[in-house]
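Visitor: Please take a close look at one part of this model and describe its surroundings in a connected account.

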Amino acid sequence: MNSKIQKMELNDGHSIPVLGFGTYATEENLRKKSMESTKIAIDVGFRHIDCSHLYQNEEEIGQAIVSKIEDGTVKREDIFYTSKLWSTSHRPELVRPSLENSLRKLNLDYVDLYLIHFPVSLKPGDELLPQDEHGNLILDTVDLCDTWEAMEKCKDAGLAKSIGVSNFNRRQLEKILNKPGLKHRPVCNQVECHLYLNQSKLLAYCKMNDIVLVAYGALGTQRYKYCINEDTPVLLDDPILCTMAKKYKRTPALIALRYQLERGIVTLVKSFNEERIRENLQVFDFQLASDDMEILDNLDRNLRYFPANMVCMQQREQ
């Protein structure tokens with residue numbers, strides 16, 4: 001099947017599909033479901049696959065991609081694969097080995113995009129979330145500009161076609177952009193972004209600096225109990241969103257996804273359900289009127305479903 005997913009040009013000349021398939025999963029879903037859902041996503045037309053060393057399923061995602069290459073569904077160049085450098089590998093000498101480790105698990109020669117996953121450095125080692133005797137994360141002291149130089153070397157070596165960041169705020173982006181001797185600018189910043197957290201100021205800053213904003217959590221969250229409480233509003237149950245969905249004869253999820261694409265944001269969406277995976281591609285079949293976009297803009301309430309990404313992950317491990 002030919003993919004109808006549109007692409008957006010990055011500041012280094014490469015292009016990224018504007019709709020991506022997310023692969024993060026909870027432990028009980030982690031392996032088989034991630035692999036099977038990724039195969040389905042590629043079969044129905046997704047070409048942008050987003051993963052990370054942190055997710056601990058790159059081997060399964062790689063198997064899914066390779067199987068779809070081997071059966072002729074896609075060629076390697078058809079797939080845009082994103083991986084991420086985890087916080088325990090921020091020291092410059094650890095960056096390339098970390099990427100090469102991901103490539104071995106994936107059985108791929110390169111990634112299309114490699115991101116610094118989180119702007120906080122952790123103690124190097126095998127533990128993803130190193131903790132002291134009190135259960136607190138053990139931090140490391142690393143200048144992210146040094147980490148970025150090592151990322152640039154990965155790009156120059158052809159191991160990553162493009163490089164970017166994730167979960168960075170404006171100040172952290174400025175530090176990279178203002179680094180003396182900067183060779184490659186970040187092509188993107190992947191952050192939590194949805195109707196309740198529309199990131200309008202960060203989006204404007206990124207556009208001004210030719211950095212693509214990539215949204216995760218675009219449908220809210222699957223309400224992981226270790227990240228949110230039961231009183232947190234369910235985004236897809238929002239009455240204004242549901243009313244608009246009826247107007248367009250689409251699901252609330254499709255309206256929420258279309259809203260992001262209309263704003264020029266690359267959007268990630270995740271599902272283990274084949275019907276929903278197929279349905280998500282219908283986001284290209286309609287557009288939202290400008291007045292409806294303004295209504296959706298006003299739903300912003302600066303609500304983070306992942307208020308402290310790393311803290312959530314730490315609580316999951318305990």
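**Helix α4 and two loop residues**

Guide: The elements covering the buried residues of α4 include strands β5 (80-85), β6 (111-116) and β7 (160-166), together with helices α3 (92-106) and α5 (170-177); contact here means heavy atoms within 4.5 Å. Helices (H or I, at least four residues) and strands (E, at least two) are DSSP runs numbered from the N terminus. The model is predicted, with local features requiring pLDDT of at least 70 and side-chain atom pairs pLDDT 80 or more, while totals for chains, interfaces and linings use all residues. Residues are numbered from 1 along each chain as its sequence is written, and side-chain values use heavy atoms, leaving out hydrogens and water.

Within α4, the buried residues (under 20% relative accessible area, 1.4 Å probe, protein chains only) are Leu-144, Cys-145, Thr-147, Trp-148, Ala-150, Met-151, Glu-152, Cys-154 and Lys-155. The helix runs over residues 144-156, and its 13 residues should span 18 Å at 1.5 Å a residue (times one less than the number of residues); the end C-alpha atoms are 18 Å apart, which agrees.

Two loop residues outside α4 also merit attention. Gln-199, in the loop between β8 (188-192) and α6 (200-208), has a positive phi near 55° although it is not glycine. Its relative accessibility is 13%, so Gln-199 counts as buried. Asp-210, another non-glycine residue, has a positive phi of about 55° and is found in the loop between α6 and β9 (212-216). Because its relative accessibility is 46%, Asp-210 counts as partly exposed, a class lying between buried and exposed (over 50%).
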